[in-house]
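Trainee: Could we go through this model together?
Mentor: Gladly; let us look at the domains and then at a pair of helices.

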Amino acid sequence: MSNEFRGYVRPSGRVGVRNHLLILSVTGLTGPTARRISACLPGSVVIDFPYDGGLLGEDRAAQDRALAGLGSNPNAGAVLLIGANTVRVGKFTELFSVAGTPVTAITLDECGHDAVTLTERGIRAGALLSKVISGLRREPVSLLNLTLGLECGRSDPSSGLVSNPLLGLIADRVVDSGGVAMIGESVEWMGAEHLLAARAATPDVAQKIQAAVDGREGLAVAGGIDLTGNNPGPSNIAGGLSTIEEKSLGNIAKSGSRPIQSVVAWAEAPAGPGFHLMDACSYAPESLTGFSGAGAQLLLFTTGVGNSYVNASAPTIKVGANPETSERLNEQLDYACPAVFSGDMALEQAAEELFVVLVDVASGTRTWGEILGEGGESFSRMGASI
Amino acid sequence: MSTRDNRKWDAVVLNPLDQVATALGNLSAGQSVRVRSGEVVEVIVLAEDIPLCHKFAVRVVAQGGVIHKYGEAIGEASIDIAIGCHVHVHNLKSLRAQRN
């Protein structure tokens, strides 16, 4: 099996696995207009960031980092930027233009704060961008151009036994090819942090892994919650997971076996190739946006009992091994391997099959989540607004 | 009733240190189930129904004893647990994020 896929090589040299017209609204004020424009431009992807005014400090930095990352994700062939004021929108226009992405910005300031005018101008500008990027073609590229985000949601013990170790084999393969792979959900390192720390590339990385877990554990204790019933949540418990330790030990199997190069923050792009950890929340919508905001073009997402959510920016390949779920969710799981769970198929063989699916999706085959329009973006808040 | 009557085993122990096995099908109280641990398959009589993917004890665990899966600690027994019993949130307690 070749270590190549067919992608869109961007002016920056980065490679997209999709060629989206991204309609990016950088303030909640223009969210409805952005959605209206997108409805008139079939195939466009809309991201309507719901905040802006009053964001502070670390929170402001995190949101701007995520917006910059989503707009410069190579899956975006062109960006239609929608916002309220020219100064704020101009910063993003400059950023995306420097990367060579075709970008058109329109603000409410320039439309006399008339949303109807903004809608009309947006549709015309978006249509033109769409025409331009429709002329781009895929070409063969190496796997080293891939940044992979690895997620699990509504897990059960089949995730830890089969699906997550399967993703671990894929992560190792991408890393060995010179690409990037990462997991987040740092609360689900708790109880397994010693195994991650043992793989840290430097003592500083090991210390950051421990600090990330201590931070999440401290939040749980300070919040007065019992993790049992929260994480693992009700569906995890019904599926057979009993404690956070058990869930974590299954979760980290997604990380494979290669050295851990760094611990990044939510929506922060890793600085180099290899395997990385993202210290971010475990709620899937926010976690996936953390990955696509950090530059991941492709996501792999395991589920035990079923989870339909996918990311809007990055195709999300759903993987399962629970025999009941595999039989039931035909239009959700892009790859199911109940035969590994039952002991009738080797994990390594499943990894070969899943790798074929990954190359196919990276080269243009649509995931169930894309076909059904299950994608969204969700922004982690780090603090209060003024 | 086992959904895996034609299989060679009904449950797996993932690591020799583990006191629990994971059910590979919906298993019933009173059933003699085949439990694989590495290359060895032993028979255990279930004391309770064990749903697909849930855990049961393959060794006696005394109250306060640390329970292992994947060869790692996943919590401690909150009561004495006998062989063949369901091991879950009613008798297995996390050791993490506890208020002291």
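**Domains and a helix pair**

Mentor: The domain assignment, automatic or from a database, splits chain A into domain 1 (20-133) and domain 2 (145-376). This is a predicted model, where local features need pLDDT of at least 70, side-chain atom pairs count only at pLDDT 80 or more, and totals for chains, interfaces and linings use all residues. Residues are numbered from 1 along each chain as its sequence is written, while chains are lettered from A and ligands numbered from 1 in the order in which they are written.

Trainee: Which element gives the largest share of the side of domain 1 of chain A that touches domain 2 of chain A?

Mentor: Contact here means C-beta atoms, placed from the backbone, within 7 Å, and 10 residues of domain 1 of chain A meet 13 residues of domain 2 of chain A in this way. On the domain 1 side, strand S4 (45-48) and H2 of chain A each give two or more residues; helices (H or I, at least four residues) and strands (E, at least two) are DSSP runs, numbered from the N terminus. The largest share, 5 residues, comes from H2(A).

Trainee: How are H2(A) and H3(A) oriented to each other?

Mentor: Helix H2 (residues 57-72) and helix H3 (residues 86-98) of chain A pack with axes 10 Å apart, at an angle of about 40°. Axes are lines fitted to C-alpha atoms over the stretch in contact, and angles run from 0 to 180 degrees between N-to-C directions. Under 35 degrees is roughly parallel, over 145 roughly antiparallel, 65 to 115 roughly perpendicular and the rest oblique, so H2(A) and H3(A) are oblique.

Methods
Contact = placed C-beta atoms within 7 Å.
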